[in-house]
Amino acid sequence: DGTSVADLLAVAERVARAAGRLVHEGRPARVEVAATKSTVTDVVTAMDTAAEQLLREELAALRPDDGVLGEEHGYEPGTSGLTWVVDPIDGTVNYLYGIPAYAVSVAVVADPAAGPDRAPDPATWRVLAGCVHNPAGAETWTAGAGLGARLDGVLLQRSEGPQGAEASLETALVATGFGYDPVRRAEQAAVLAGLLPRVRDVRRIGTASLDLCGVAARRTDAYYERGLNPWDFAAALLVATETGVRVTDFAGGPAGGAGLLAARPALHAPLLQALADAGA
Ligand code: IPD
């Protein structure tokens, strides 16, 4: 419809900031768990629900023909071929405890395989624009396909990190995350046990979108996780790939729920191998 990537990015940032204000300024001194989802550790606060509602209302006003896929209210198909993939609070457990590392994640994707009964899928989508807004940490990450990625408006460099092309496993700082399902957690713990002795150290920040943005900004060297949902990483995926970070699944194919590994090119292959060695 003639809408440019820059226009879509402006919408993403506008609605992410609006939801961020609600979530951050409206955070009660003591956040109550409103419900639990898959397991008792998978919490949803009243704010997750309210913030997703706000995102959907703002998007309906600005982009009435687009679909929306969100963590709390599922998939509402549109007619334009574009779908907004939103997470009102990525890092809900950090939010619950007041750890200032949670984010509103808003992406817009085009997926020729999506339709009224089929939500966009990371295997076939193209992310056009995305915003990851951390209101408590006061940082905003934006990316547009072909336009690069920015942190608070400053373009992130595409070059290799501090270790250059020599980036090696034993000096890599690797972030990871864990799902809520205890069976999966046991598997994740086993993989971690295999990987930890081989790398510089490991970080568990608690917010997948910020983990991915962290690789883009070289705050870590890599990030991997199994079991993510599309809204956890859609926006941050573009932030990472626009800075030259390679993002795949654990077999080198498109990243998705079955696996996501993000690393700069020199480190990507050694980490794929190390994950395979560790049984990922
Ligand atoms: C979770 C966070 C966490 C990751 C989990 C996600 P939520 O998202 O991103 O870091 O390890 O896999 O589910 O539930 O806080 O939106």
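The following exercises, with worked solutions, concern a predicted model.

**Exercise 1. The ligand shell**

Determine which residues are closest to the ligand, how the shell divides by residue class, and which domains contribute to it.

Solution.
Step 1. The ligand is surrounded by 15 residues, and the closest are Asp90, Thr92, Gly177, Gly206 and Ala208.
Step 2. Sorted by class, the shell holds seven polar, five charged and three nonpolar residues.
Step 3. Domain 1 (5-155) and domain 2 (164-277) each supply at least three residues of this shell.

**Exercise 2. The annotated binding site**

Establish which residues the UniProt annotation "binding site" covers, and how they are arranged in space.

Solution.
Step 1. According to the unreviewed UniProt entry, the annotation "binding site" covers Glu71, Asp87, Ile89, Asp90 and Asp232.
Step 2. These positions are spread over 162 residues of sequence, yet they cluster in space, with a largest C-alpha distance of 9.3 Å.
Step 3. One of them, Ile89, lies in strand β5 (residues 82-90).
Step 4. Ile89 counts as buried because it has 28 C-beta neighbours inside 10 Å, where the cut-off for a buried residue is 20 or more.
Step 5. Another annotated residue, Asp232, is among the buried residues of helix α6.

**Exercise 3. Geometry and burial of helix α6**

Test the length of helix α6 (residues 230-241) against the expected rise of 1.5 Å a residue, then describe its burial.

Solution.
Step 1. The helix α6 has 12 residues, and at 1.5 Å a residue these should span 16 Å. The expected span is 1.5 Å times one less than the number of residues.
Step 2. The end C-alpha atoms of α6 are 16 Å apart, which agrees with the expectation.
Step 3. Of the 12 residues of α6, 11 are buried, so that the helix is mostly covered.
Step 4. The buried residues of α6 include Pro230, Trp231, Phe233, Leu237 and Val239.

**Exercise 4. The eight-stranded sheet**

Give the strand order of the open sheet of eight strands, identify its edges, and follow the pairing from β6 to β9.

Solution.
Step 1. The strand order is β4-β3-β5-β6-β7-β8-β9-β10, and the pairing is mixed.
Step 2. At the edges stand β4 (74-76) and β10 (154-155), each of which pairs on one side only.
Step 3. Seven bridges link strand β6 (residues 103-110) to strand β7 (residues 126-134) in the antiparallel sense. Here Val132 in β7 is opposite Ser105.
Step 4. From β7 the pairing passes to β8 through six bridges, again with antiparallel strands. Trp141 in β8 is the bridge partner of Val132.
Step 5. The hairpin of β7 and β8 has four residues between the strands, and Ala138 in this hairpin takes a positive phi near 50 degrees.
Step 6. Four bridges connect β8 with strand β9 (residues 148-151), and these strands run antiparallel. Leu151 in β9 is opposite Trp141.
Step 7. The hairpin of β8 and β9 has three residues between the strands; in it, Gly146 takes a positive phi near 85 degrees.
Step 8. Strand β8 (residues 139-144) is largely enclosed by the rest of the structure, because five of its six residues are buried.

**Exercise 5. Strand β13 and its partners**

Describe how the two faces of strand β13 (residues 222-225) are covered and with which strands β13 is joined by bridges.

Solution.
Step 1. Ala222 and Tyr224 lie on one side of β13, Tyr223 and Glu225 on the other, and all four are buried, leaving both faces covered.
Step 2. Strand β11 (residues 173-176) runs parallel to β13 and is joined to it by three bridges. Tyr223 in β13 is the bridge partner of Ala175.
Step 3. Strand β15 (residues 260-263) runs antiparallel to β13, with four bridges between them. Ala263 in β15 is opposite Ala222.

**Exercise 6. The N-terminal region**

Characterise the β1-β2 hairpin, then locate Val5 and state its exposure.

Solution.
Step 1. Strand β1 (residues 33-36) and strand β2 (residues 43-45) run antiparallel and are joined by three bridges. Val44 in β2 is the bridge partner of Ala35.
Step 2. Six residues lie between β1 and β2 in the hairpin that they form.
Step 3. Val5 belongs to helix α1 (residues 5-25).
Step 4. Val5 counts as partly exposed because it has 15 C-beta neighbours inside 10 Å.
Step 5. Val5 and Ala145 are 140 residues apart along the chain, and their C-alpha atoms are separated by 6.9 Å.

Notes: Residues numbered from 1 in each chain as written. Predicted model: local features only at pLDDT ≥ 70, side-chain atom pairs only at ≥ 80, totals over all residues. Near = placed C-beta within 6 Å. Nonpolar A, V, L, I, M, F, W, Y, C, P; charged D, E, K, R; others polar. Domains from an automatic or database assignment. Pairing = 2+ DSSP bridges. UniProt positions renumbered as here; feature names shortened; annotations may be inferred.
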